Structure formats: C-alpha cells, structure tokens
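Here are a few notes to help you find your way around this one. Open the viewer alongside and take the points in order.

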Amino acid sequence: VSKYGVDVEALDKFIEPLFNYSADQLLYIDEIGQMELFSTRFKELVNSYLASPNHFIGTITSVYDDEFIRQIKGNPDIEVITITLENRAEVYEQIYSKLTGV
C-alpha cells in the first residue's frame, strides 16, 4: 500500500498449501491487513480457518477498516485482544491457557 504493491498472483500461489491442514494443527495468520486483503484467495483462507474446528490465532490490522475486517471483529465466536507492551506477558498466559486448558 502507498509505495508498496501487492503481487496477488504470487500471494495466492504462496498461500495455496495453507489450505491443507490436519485437525490437530494450530492455525495462525500474521497478518490480516490491507495489503493481504487485495487477494480474494487470502480472504477464503481466513474464512476457512475461522470455520475450522481447529484453534486459530491471527493478527488483524488496527489501522485499516473495511467490511471484511468488521465482519471478523464483529463475529461473536472471535475474541479480539489488543496487545500492548504492558499486557504482553499476561496475554501470552491467557492464550496459552485457552489452547492448553491449563
């Protein structure tokens, strides 16, 4: 974005293997942001992960807003946590506890 461009074809080719995952895998995306959202296939990957029974952790933009971002943040099944320098260790513990049940 701005002086940067997005090679959507290369992004789509790169993420294609990420659609193949097993039930025991933790799914992770860093980041769901403006540049990535130029790719329809990337949005399909995000939706696939969100619909999966797997645990999913993702980072999502706090500076860019569009309908897709609002849809994710507004999903009642998703917990959005803002990470700061002050709460970083606490958030780590919260996520670890949710993933392990400890």
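Which residue does the side chain of Lys-98 meet in a salt bridge? Keep that in mind as you start on the points below, and remember that this is a predicted model.

1. Lys-98 pairs with Glu-79: their side chains meet in a salt bridge, 3.1 Å from N to O. Lys-98 sits in helix H4 (residues 88-100), while Glu-79 is in the loop between helix H3 (67-74) and H4, so this contact ties together parts that are 19 residues apart in sequence.

2. That pair isn't on its own, as the structure holds five salt bridges. If you're new to these contacts, the general idea is that side chains of opposite charge can pair when their charged atoms come close.

3. Next, look at Glu-16, which forms a salt bridge with Arg-41; their closest N and O atoms are 2.7 Å apart. This one links distant parts of the chain, with Glu-16 in the loop between helix H1 (8-15) and strand E1 (27-32), and Arg-41 in helix H2 (residues 40-51), 25 residues apart.

4. Arg-41 has another partner: its side chain also meets that of Glu-44 in a salt bridge (2.7 Å, N to O). Here both residues lie in helix H2, three residues apart, which is about one turn of the helix. Put the pieces together and you get Glu-16, Arg-41 and Glu-44 linked in a network of salt bridges.

5. Are the members of that network buried or exposed? Something in between, as it turns out. Glu-16 counts as partly exposed because its relative accessibility is 35%. Arg-41 is partly exposed too, at 25%, and so is Glu-44, at 36%.

6. Now go back to helix H4, where you'll also find Glu-90. With a relative accessibility of 51%, Glu-90 counts as exposed, since the cut-off for that label is over 50%. To get a feel for distances, try Glu-90 and Asp-66: they are 24 residues apart along the chain, and their C-alpha atoms are separated by 29 Å.

7. Last, leave the charges aside and look for a nonpolar surface patch. Which residues make it? Tyr-4, Met-35 and Phe-38 do, and the patch covers about 330 Å². Of these, Met-35 has its place in the loop between E1 and H2. Met-35 counts as partly exposed, because its relative accessible area is 31%.

Definitions and conventions
Residues are numbered from 1 along each chain as its sequence is written. This is a predicted model: local features need pLDDT of at least 70, side-chain atom pairs count only at pLDDT 80 or more; totals for chains, interfaces and linings use all residues. Side-chain values use heavy atoms; hydrogens and water are left out. A salt bridge is a side-chain nitrogen of Lys or Arg within 4 Å of a carboxyl oxygen of Asp or Glu. Helices (H or I, at least four residues) and strands (E, at least two) are DSSP runs, numbered from the N terminus. Buried means under 20% relative accessible area, exposed over 50%, partly exposed in between (1.4 Å probe, protein chains only). Patches are made of residues with over 30% relative accessible area and no salt bridge: like charges are joined within 9 Å, nonpolar side chains (Val, Leu, Ile, Met, Phe, Trp, Tyr) within 5 Å. Accessible areas come from the Shrake-Rupley method with a 1.4 Å probe; for residues, only the protein chains shown count as cover.
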